[in-house]
Amino acid sequence: MTTIATPRKSLSVKPLKLSQPFGASLAFLGLKGTMPLFHGSQGCTAFAKVLLVRHFREAIPLATTAMTEVSTILGGEDNIEQAILTLIEKNNPEIIGLLTTGLTETRGDDMKGILKVFRDRHPELASLPIIFVSTPDYKGAAEDGYAATVEQIVAYDYQPSTSSIASNHNIASVHTQPQITILAGSLLSPGDVREIKEIVKAFGFHPLVLPDLSESLDGHLRDEKYSGVSCGGTSLEDLTRLSDSIFTVAIGESMRSAAETLKTKFGIEYRLFPRLAGLEAVDQFIWQLAQLATQGSDPHFISHPRVPEKFDRSRRQLQDAILDTHFYFGRKKVCLALEPDLLYQTSWLLHEMGAIIQGAVTTTKSPILAELPLDNVTIGDLSDIEEMAVGADLLITNSHGKDIAKKLGIPLYRMGYPIFDRLGNGQKCAIGYRGTMQFLFDVGNIFLEREEEQIDP
Amino acid sequence: MKSKTKIAALLNEPGCDHNHKKDKDKNKSCKQQAKPGSAQGGCAFDGASITLVPITDAAHLVHGPIACGGNSWGSRGSLSSGPTLYKTGFTTDLSENDIIFGGEKKLYKAIARVIKEYKPAAVFVYSTCVTALIGDDIDAVCQAATNKFNKPVIPVHSAGFVGSKNLGNRLAGESLLEHVIGTAEPEYTTDYDINLIGEYNIAGEMWNVLPLFEKLGIRVLAKMTGDACYEEIATAHRAKLNVVICSKALINVARKMEERYGIPYIEESFYGIEDINKCLRDIAAKLGDENLQTKVEQLIAFETAKLDRILAPYRARLKNKRMVLYTGGVKSWSIISAAKDLGMDVVATSTRKSTEEDKARIKDLLGKDGIALEKGGATEILKVIEKTNADLLVAGGRNQYTALKARIPFLDINQERHHPYAGYSGLVEMAKEIDEALYSPIWEQVRSIAPWEKDLETREEIRTQKRLDSRSEEAIGQRY
């Protein structure tokens, strides 16, 4: 069991943590036609926007209630109302994701009350979902904000509009396949989500992914020149059909509460996969899907769970890749500074390859931290990992780790947010058999290059 | 919290042309409040950081929750020729407990640790919305720390909610005026000492210009604040002239230094041949030295001749290419003159943040067909590009993907860019970058449609044609 150190420090140096609203806005961007709206000062939105734009190299829709000193003192209800009405007029969103910040949480705006008054005053907007989530900057980190948002998205009562009921009939005839809800945790990139969808579809299921970043932030050109709201993702229609799913697959420990909510609300069972990288973890996932597929088949015929042939092939490829790369991973000392779920996934994969986790730093509390493949983990900042990483062979963290890696003379493999000095962050896939294999090759190549440099300087 | 009157005074800064007009309704752009739902810019804290973080040997400590410091550190493009401490993010990372019990003690301890472990030349302490709201007295904490550690610890009253990025620039300027400028004496002075104000050495831009001053024997005493050391700013009051670059944002510093120390100031730009020539001539004229003026003329003659040679092939390729410019303030006209130097046509530019004086200049430079964009936003930009049939958008990084997603060539002109465009050599850099953007072989590819879509279109066309033909045959048949 891993001990979790939370040093009470008065100073954070080279922060690793991003704030809850950043994570919340990322989750909202996985819903189609959505505008995330920060209730705070304009800077709260601007900073999150710059991070997301630079990471994904995409236009990112984010809005602000633009609180001023005066409106902070008087209370934010006018700003919220004005912001929502302006967004409807200018951007016509299908969903508004309203989230708080440190400023308005400190002030103590009564959000539930404000929203109720807004609803009473604007009956004409009754069909527009406004999903509210409380995300004070001074608590938790991006992973918490993301998880809280997914929980609120599944907890919201969507009223099927008349048009969607009508189209429901049409779509019901199209969607003959049984539906599975996939709760995609913040450890997954858009490329990861795409891979998961492909896998689930291969078993004959219709995956309802929430949030679906693979449709909005995967980096693709569209016919229309401009979109003022998120250009793809889980649609409002999908959200009204959450109750149709036969099963929930939650990926990342932080998705547990949302999975529980779905269970309580609709009685849908779930299984949580704390990670999807590494041979055994992927095996479990594939086997679960195979079993679900069998459950759905006709009970009069005895059938064994079958796995599509292509997965058998990629599993064998991964095994071969593990063989080829293990020379370079064995006994390598690695330090990681990542959010809890991503830290868990990555450190276990490295551990299973024979690498040694020399040190780990993370951003926020999580039950998964107790189960890491090392003795101690620190909730801290990048200056902590700088101390731990002396003599290590590799550092894994976001782009801010660049100067530290340079100073220590060790290579940096970039993971987490933000990554602004590497291309293709929207497409990158590090899960499933194929993604695991790619990760092993990428990191293995770094080790290989270092070794050759040392032999032949 | 900063007193209301002080904020109001900064908003009404008399040095700023936004406030010169008699017609009260027309000069609201400084005082304009951000609109809920449509505001896109940064906050006062953002602005204060832009202005002060380039001071390379200082520690910049953000007193607030993680969003302010954690989400923003290490993202600015100001370069340093030496110290790198400014790149390290420091924050008190306030927790819920700190908010309930107050953050002053934590701040004091944080300052102590920064000074002990990182040995900065000074510490700038930025207040944020939350610490302003809970009433932390950062002035008192900074004073106590200054006394205890015998090191300048400077409060910056930059709570985000007091206003825009622009106001934040000015608040940072106030901190320099109150706590830094005039607190040290330079080793020596010359008659040719100037300060550069409002130049942040983005992408190393200042390094394109400093060699010119060196050649002329002009000494830059203090840079505010690109690639600056704390100490040089402390001695800024001994300069003979303040040169305010490309920005109204720090005009309060120049004006108050004139009041306090009798240092005159001029407002200049480093973009484009004409502007850089004018800048050098104005400096020489203000420093009042014929010898210097002669030297300036020689330098200008030499540099422009050299530039003409280098630019000739680019001018041939860029001639009459159409540019839409979307930026703020002074850049809205200074880039036009740079574009003209390259033979390009600026068909539209934004005037949202421009002063009346800026607007007049824009009108002059644009000619009668040019469009002045009063409104902002991605849709407006795309509309105007379509209307003017423009070849290129020149704007800040925020609009980069507005252009790219619409498959339009783009040049980044603001903070986060990686290429320096100032000075004579900067113009060559700009020409190269624009040339690359316009003539890249990628445009055809990203605009192409897939063969199967093309096939569908052709089939559709043939079908329509057939339908028309058969109809006309029918019509002919009916006639007979």
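Student: Which residue in E10(A) does Ala250(A) stand opposite?
Tutor: This is a predicted model, so keep that in mind as we go. Strand E9 (residues 247-251) of chain A pairs with E10(A) in the parallel sense, over four bridges. Look across from Ala250(A) into E10(A), and the residue you meet is Leu272(A).

Student: Which strands are the edge strands of the sheet with the order E8-E7-E9-E10 in chain A?
Tutor: That sheet is open, has four strands and pairs in parallel fashion. From one strand to the next, the twist averages 20 degrees. An edge strand here pairs on one side only, and that fits strand E8 (206-210) and strand E10 (270-273) of chain A.

Student: What is the bridge partner of Gly97(A) in E6(A)?
Tutor: Now we're in another open sheet of chain A, four strands in the order E4-E3-E5-E6, with parallel pairing. Its edge strands are strand E4 (63-64) and strand E6 (130-133). Four bridges link strand E5 (residues 95-100) of chain A with E6(A). In E6(A), the partner of Gly97(A) is Ile131(A).

Student: What angle does the direction of helix H4 of chain A make with that of E3(A)?
Tutor: Helix H4 (residues 77-91) of chain A packs on this sheet, where it touches strand E3 (34-39), E4 and E5 of chain A. Compare the direction of H4(A) with that of E3(A), and you get about 155 degrees.

Student: Why does H1(A) count as oblique to H7(A)?
Tutor: Helix H1 (residues 20-28) and helix H7 (residues 142-155) of chain A pack with their axes 6 Å apart. H1(A) passes H7(A) in a right-handed crossing. The angle between these helices is about 45 degrees, and that makes H1(A), relative to H7(A), oblique.

Student: How many nonpolar residues are in the contact of H1(A) with H7(A)?
Tutor: On the H1(A) side you'll find, among others, Phe22(A), Leu26(A) and Phe28(A), while H7(A) brings residues including Tyr146(A), Ala148(A) and Val150(A). Four residues of this contact are polar and two are charged. The nonpolar ones number 10.

Student: Which helix gives the most to the side of domain 2 of chain A that touches domain 3 of chain A?
Tutor: The domain assignment puts domain 2 of chain A at 176-314 and domain 3 at 321-455, and their centres are 26 Å apart. Their contact takes 25 residues from domain 2 and 26 residues from domain 3 of chain A. On the domain 2 side, helix H9 (190-202), helix H13 (279-295) and helix H14 (309-329) of chain A each supply at least two residues. The one that gives the most, with five residues, is H9(A).

Student: How many charged residues does the side of chain B that touches chain A have?
Tutor: The contact takes 54 residues from chain B and 52 residues from chain A. Elements giving two or more residues on the chain B side include helix H2 (44-52), helix H4 (96-101) and helix H5 (104-118) of chain B, and H5(B) gives the most, with five residues. By class, that side has 25 nonpolar and 19 polar residues, and its charged residues number 10.

Student: Which residue in E2(B) does Val13(A) stand opposite?
Tutor: Here strands from two chains pair up: two bridges join strand E2 (residues 12-13) of chain A to E2(B), and the strands run antiparallel. Opposite Val13(A), in E2(B), stands Phe90(B).

How values were computed:
Residues numbered from 1 in each chain as written. Chains lettered and ligands numbered in written order. Predicted model: local features only at pLDDT ≥ 70, side-chain atom pairs only at ≥ 80, totals over all residues. Domains from an automatic or database assignment. Contact = placed C-beta atoms within 7 Å. Pairing = 2+ DSSP bridges. Axes fitted to C-alpha atoms, helices over the stretch in contact; angles between N-to-C directions. Nonpolar A, V, L, I, M, F, W, Y, C, P; charged D, E, K, R; others polar. Parallel < 35°, antiparallel > 145°, perpendicular 65-115°, else oblique. Left-handed = near helix turned anticlockwise from the far one by under 90°.
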